[in-house]
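Take a look at the chain shown here. The report below goes through it region by region.

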Amino acid sequence: MAQTNLADWNGHDTSVAGHLPAVCMVCDFFLPNLGGVETHILHLASNLIRIGYEVIVITHEYEGLAGRHDYPLQCDGAQGGTLPIYYLPLPILWRQNTIPTCLVSARHILPVWQRHNIAIVHAHSCFSTLCHETLLYASLLNLKTVYTDHSLLEPRDFGNSIILRLLRFSLEHTDRAICVSHISRETLIANCPLFSSERAFVIPNAVDQRHFRVLEAADVTTVMRGTVSRRKETSATASSSSSS
């Protein structure tokens, strides 16, 4: 990629030429991988593009996917533009997570930001290495930063305690945090006491009921599909279902 000339970059100006600011979504977990975070990013990016924002996504290479790919978007059954996705050549450590590089990944990321004149960096998932690294890069470049918290961390778990320490550091230079539920926001504020609660907001991450219609039938069977994990409240759902 071309060498980045930061002196010519005005990405921190969110009102360049009177246009809406360009947004970069960042996460290790994205298409063609399937999951809640991946779907959340895709739908959020699609709707931001629909209302006029320029949005790109940065992730790592997946099998058969490298470099830039333009993902076609659909709007009410018609072509709704494209979403540029950058699959960067970053080594994988574990479970689709990239190896922490401590600024090495910047040589791939910063030219992309400069090319699109990115003003807002929106990073997702505390378990994503790219999330933490790009929040740091963006803060050093005086770009606006947003973090979306998708998980409930249990501090008593050894692995989660390490992630939590890293999250506390990343939030020190993050402008706003979005939580996908009210309990997620309460947990984030409790686990990161130095992060102001006034900068944490809730945007519920739930199924859009308009996409589903219940057929008229005498018997309706409810099917739950999700991760079998304590933090996903599978046991609570099963208990409420059996008692109803």
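## An exposed asparagine

Asn-142 counts as exposed, because its relative accessibility is 55% and the cut-off for exposed is over 50%. This residue is found in the loop between α3 and β8 (144–149). Its phi is near 65°. That is a positive value in a residue other than glycine. Keep in mind that this is a predicted model.

## A second asparagine

Asn-117 also has a positive phi, near 55°. Asn-117 is found in the loop between α2 (106–116) and β7. Is Asn-117 exposed or partly exposed? It counts as partly exposed, because its relative accessibility is 21%. The range for that class runs between 20% and 50%.

Now look across the fold. Asn-117 and Glu-54 are 63 residues apart in sequence. In space, their C-alpha atoms are 9.7 Å apart.

## The chain as a whole

How many helices and strands does the chain have? It has six helices and ten strands. There are 244 residues, and 39% of them count as buried.

Take the contacts in the chain with a separation of 6 or more. Residues 24 or more positions apart account for 69% of them. The accessible surface comes to about 14400 Å². Carbon and sulfur atoms hold 55% of that surface.

## The largest nonpolar core

In soluble globular proteins, nonpolar side chains tend to be buried together. Here the largest nonpolar core has 24 residues. Which of them touch the most other members? They are Met-25, Phe-30, Ile-41, Val-55, Val-57 and Leu-83. Several elements give two or more residues to this core: β1 (22–26), α1 (36–50), β2 (55–60), β4 (78–88) and β7 (118–124). Helix α1 gives the most, with six residues.

Follow Phe-30 outward, leaving aside its neighbours within four places in sequence. Phe-30 is in contact with Glu-38, Ile-41, Leu-42, Val-57, Thr-59, Tyr-62, Leu-83 and Ile-85. Apart from this core lies another one, of 19 residues. Among them are Ala-22, Leu-110, Leu-130 and Tyr-137.

## A cis peptide bond

Where is Pro-32 found? It is in the loop between β1 and α1. The peptide bond that leads from Leu-31 to Pro-32 is cis. Its omega is near 10°.

## Helix α3

Helix α3 covers residues 129–140. Start with its length. It has twelve residues, so at 1.5 Å a residue it should span 16 Å. Its end C-alpha atoms are 17 Å apart, which agrees.

How many of the twelve residues of α3 are buried? Nine are, so the helix is largely enclosed by the rest of the structure. The buried residues are Thr-129, Leu-130, Cys-131, His-132, Glu-133, Thr-134, Leu-135, Tyr-137 and Ala-138. Leu-130 and Tyr-137 from this list also belong to the core of 19 residues.

## Helix α4

Helix α4 covers residues 158–171. The same length check works here. Its 14 residues should span 20 Å at 1.5 Å a residue. The end C-alpha atoms are 20 Å apart, which agrees.

An α-helix has 3.6 residues a turn, so residues three or four places apart point the same way. Keep that in mind for the next list. Buried in α4 are Asn-160, Ser-161, Ile-163, Leu-164, Leu-167, Ser-170 and Leu-171. What covers them? The cover includes α3, β8 and α5 (182–191).

## On the surface

Leu-93, Trp-94 and Ile-99 make a nonpolar surface patch of about 340 Å². Trp-94 is found in strand β5 (residues 92–94). Trp-94 counts as exposed, because its relative accessibility is 58%.

Charged side chains pair up too. The count comes to one salt bridge. Arg-68 forms it with Asp-70. The closest N and O atoms are 3.0 Å apart. Arg-68 is partly exposed, with a relative accessible area of 43%. Asp-70 is partly exposed as well, at 40%.

Conventions. Residues are numbered from 1 along each chain as its sequence is written. This is a predicted model: local features need pLDDT of at least 70, side-chain atom pairs count only at pLDDT 80 or more; totals for chains, interfaces and linings use all residues. Side-chain values use heavy atoms; hydrogens and water are left out. A nonpolar core is a set of buried Ala, Val, Leu, Ile, Met, Phe, Trp, Tyr and Cys residues joined through side-chain atoms within 4.5 Å. Buried means under 20% relative accessible area, exposed over 50%, partly exposed in between (1.4 Å probe, protein chains only). Helices (H or I, at least four residues) and strands (E, at least two) are DSSP runs, numbered from the N terminus. Contact means heavy atoms within 4.5 Å. Accessible areas come from the Shrake-Rupley method with a 1.4 Å probe; for residues, only the protein chains shown count as cover. Patches are made of residues with over 30% relative accessible area and no salt bridge: like charges are joined within 9 Å, nonpolar side chains (Val, Leu, Ile, Met, Phe, Trp, Tyr) within 5 Å. A salt bridge is a side-chain nitrogen of Lys or Arg within 4 Å of a carboxyl oxygen of Asp or Glu. The expected span of a helix is 1.5 Å times one less than its number of residues.
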